[in-house]
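Visitor: Hi, I'm new to this one. Can you walk me through a few parts of it?
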Amino acid sequence: MAEERDAGSKPFYVTTPIYYVNDVPHIGHAYTTLSCDVLARFKRLDGFDVHFLTGTDEHGQKVETASQVAGMTPQAFVDKVSGNFRDLAAAMNISNDDFIRTTEDRHTAACQQLWRELAARDEIYLGSYAGWYAVRDEAYYAEGELVDGPEGKKLAPSGAEVEWVEEPSYFFRLSAWQDRLLALYEDNPDFIGPDSRRNEVISFVKGGLFDLSVSRTSFAWGVPVPDDPAHVMYVWIDALTNYITAAGYPDTDCALYRRFWPADLHMIGKDIIRFHAVYWPAFLMAAGLEPPKRVFAHGWWTNEGQKISKSVGNIIDPYDLFDRYGVDQTRYFLMREVPFGNDGDFSRRAIASRINSDLANDLGNLAQRVLSMIGKNCGAAVPQPAAFSADDDALLASAHGLLDTVRPLFDAQAFHKALEAIWAVIGDANRYVDTQAPWTLRKTDPERMATVLYALAETIRHLAILVQPIMPESCARLLDQLAVEEGARGFGDLGPAGALRPGTALPKPEGVFPRYIEEEGEEG
Ligand code: MSP
């Protein structure tokens with residue numbers, strides 16, 4: 001159980017949205033999951049007991065229709081396609097602790113219990129719905145929210161087609177939660193990030209809330225409403241509940257729930273902020289449960305300036321990127337290129353340039369130069385330093401200070417800024433190599449050369465440990481080349497306490513970050 005697992009360290013529960021199984025995984029899904037993985041790895045290295053959840057959203061009208069198109073029963077269909085998301089997670093080295101599928105029994109039990117709780121507290125009542133519904137978004141829209149599409153057609157604000165729905169429906173008394181939601185945002189300034197999204201949510205809630213339709217009768221692929229099997233639950237109440245199912249709900253006394261709920265962070269894309277920052281905390285508070293601590297909405301990727309869509313045919317296949325550029329290189333690019341929270345554009349030119357300048361030239365070259373000089377001139381062992389000069393101390397101090405600089409940046413999901421800070425030290429180290437010129441010291445002052453190379457190796461150790469959350473494989477190789485033991489790669493090993501021991505034998509160095517050579521005919 002969780003408590004036995006790691007009783008001493010602080011818990012950290014992070015979740016991805018659960019993905020609609022009918023889609024083929026693309027860069028957008030990869031991005032959300034990657035950002036959570038980076039955070040989960042950072043927190044583990046920083047001594048936290050992490051619970052990292054991802055999974056698939058398998059109910060609802062959209063999935064039911066997709067299964068019909070595929071000529072399969074919904075269950076057979078979801079069994080087949082949910083594997084795509086598991087495979088993607090494995091392919092990009094995602095370190096999730098659990099993978100939830102909303103068709104699992106544990107999840108049906110959680111949804112039905114949450115429903116009973118809401119019904120018992122008179123938060124749900126039976127009525128009838130007449131209004132617009134967009135299957136693509138699995139969302140209800142008020143008349144006033146619709147926008148004009150081609151040929152006078154009304155569309156959802158997302159551009160999705162809408163259909164008129166009229167059917168008996170249970171409603172959740174969302175309208176009664178306006179003040180308590182506003183108080184939640186007010187009392188917890190970090191509840192929604194980034195600030196632009198927080199403002200958007202606050203003004204939406206201030207505009208007034210309508211009761212929310214939470215069941216459907218016109219199709220069957222969902223969790224049955226307790227005691228009224230003609231209804232299935234609205235797919236969003238079902239989907240959001242996954243976050244507590246995976247924490248052991250309805251058993252709120254179990255070790256997992258007590259340790260990990262409320263979640264520290266729900267990471268999502270900006271399109272689903274309303275569900276996570278308005279409906280979900282309202283459902284939870286209405287059921288007497290605690291809302292999550294934070295919801296962060298990242299931006300959307302475009303492809304070479306164009307909106308990514310199946311119909312345009314410009315979906316970016318993550319496997320393509322891994323094959324062409326490498327998994328770690330893709331991970332680095334996605335986390336570095338775009339200020340996290342903003343929209344960003346994917347281009348072949350941009351990823352190639354990041355790989356060649358940041359990885360091959362800056363980090364790769366630093367490690368390669370230093371390790372091969374040590375290999376050739378220091379008997380392939382960690383050199384023995386003499387007294388440090390002011391320059392050496394300055395370089396080491398910047399490496400030692402990095403964790404304190406990047407920790408608050410990771411905690412604020414400012415991944416790009418954390419990487420900027422780490423790369424600033426890489427820049428310092430490269431300038432230090434140039435000014436100290438250890439290759440000339442080799443003849444004039446070998447003792448000084450050993451000191452310089454030691455300070456550099458120690459700096460590289462810090463860099464490799466700190467970059468592990470973003471590029472786990474490559475950093476493992478760098479740390480192998482520095483003969484840092486596997487048990488000595490956590491943030492507790494940073495600083496002088498974990499310093500490299502002079503005389504430790506080092507393996508033959510090899511390049512970790514190759515240059516990317518564009519293929520003939522590839523767009524520049
Ligand atoms: N099933 C719901 C989530 C339920 S969570 C309780 C869902 N699934 S989804 O598969 O459509 O989307 C999952 C995530 O992918 C969202 O966070 C969304 O923002 C993200 N992305 C989809 N396309 C994207 C881009 N082009 N760029 C970045 N992220 C995008 O919504």
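Visitor: Let's start with β1. How many of its residues are buried?
Guide: The count is 9 of 10, so β1 is mostly covered, with buried meaning under 20% relative accessible area. Keep in mind that this is a predicted model.

Visitor: And how many bridges join β1 to β2?
Guide: There are 8 bridges between β1 and β2, and the two strands run parallel. One pairing to look for is proline 11, which sits opposite aspartate 49 of β2.

Visitor: Which helix does the chain pass through from β1 to β2?
Guide: The path goes through helix α2, residues 27-45. This β-α-β crossover is right-handed.

Visitor: What about β13, how does it run relative to β1, parallel or antiparallel?
Guide: Parallel. β13 covers residues 265-269, and 2 bridges join it to β1. Valine 14 has leucine 265 in β13 as its bridge partner.

Visitor: Let's switch to α3. Which of its residues are buried?
Guide: Helix α3 spans residues 61-69. Its buried residues are Gln61, Lys62, Val63, Glu64, Ala66 and Ser67.

Visitor: What do the buried residues of α3 pack against?
Guide: Quite a list. They meet the strands β1, β2, β4 (124-134), β8 (163-172) and β11 (215-216). They also pack against the helix α4 (74-91).

Visitor: Which residue with a positive phi follows α3?
Guide: Glycine 71, with phi near 70°.

Visitor: New topic: helices further along. At what angle do α12 and α13 cross?
Guide: Roughly 115°, with axes that come within 7 Å. So α12 is roughly perpendicular to α13, since 65 to 115 degrees counts that way.

Visitor: Which residues meet there?
Guide: From α12 (residues 318-325), the residues are Leu321, Phe322 and Tyr325. They meet Val327, Gln329 and Thr330 of α13. By class, this contact has 4 nonpolar residues, 2 polar ones and no charged ones.

Visitor: And α13 with α14, how do those cross?
Guide: Their axes come within 10 Å and cross at roughly 100°. That makes α13 roughly perpendicular to α14.

Visitor: Who makes that contact?
Guide: On the α13 side, Gln329, Thr330, Tyr332, Phe333 and Arg336. On the α14 side, Ala350, Ile351, Arg354, Ile355, Asp358 and Leu359. The contact of α13 with α14 has 6 nonpolar, 2 polar and 3 charged residues.

Visitor: I also see β15, β16 and β17. In what order do they form their sheet?
Guide: The order is β16-β15-β17, in an open sheet with mixed pairing.

Visitor: Why is one side of β16 and of β17 left without a neighbour in the sheet?
Guide: Because both stand at the edges, each with a single partner strand. β16 is residues 306-307 and β17 is residues 344-346.

Visitor: How many bridges pair β15 with β17?
Guide: There are 3, in the parallel sense. Threonine 302 has aspartate 345 of β17 as its bridge partner.

Visitor: Last stop, proline 383. Where is it?
Guide: Proline 383 is in the loop between α14 and α15 (390-411).

Visitor: Is proline 383 buried or exposed?
Guide: Buried, because its relative accessibility is 4%.

Visitor: What touches proline 383, leaving aside its neighbours within four places in sequence?
Guide: Its contacts are Ile374, Cys378, Ala450, Leu453, Tyr454 and Pro502.

Visitor: And what separates proline 383 from glycine 193?
Guide: Their C-alpha atoms are separated by 46 Å. Along the chain, proline 383 and glycine 193 are 190 residues apart.

Methods:
Residues are numbered from 1 along each chain as its sequence is written. This is a predicted model: local features need pLDDT of at least 70, side-chain atom pairs count only at pLDDT 80 or more; totals for chains, interfaces and linings use all residues. Side-chain values use heavy atoms; hydrogens and water are left out. Buried means under 20% relative accessible area, exposed over 50%, partly exposed in between (1.4 Å probe, protein chains only). Helices (H or I, at least four residues) and strands (E, at least two) are DSSP runs, numbered from the N terminus. Contact means heavy atoms within 4.5 Å. Two strands pair if DSSP finds at least two bridges between them. A crossover is right-handed if, with the strands pointing away from the viewer, the path from the first strand over the helix to the second runs clockwise. Axes are lines fitted to C-alpha atoms, for helices over the stretch in contact, and angles run from 0 to 180 degrees between N-to-C directions. Angles under 35 degrees count as roughly parallel, over 145 as roughly antiparallel, 65 to 115 as roughly perpendicular and the rest as oblique. Ala, Val, Leu, Ile, Met, Phe, Trp, Tyr, Cys and Pro count as nonpolar, Asp, Glu, Lys and Arg as charged, and the others, Gly among them, as polar.
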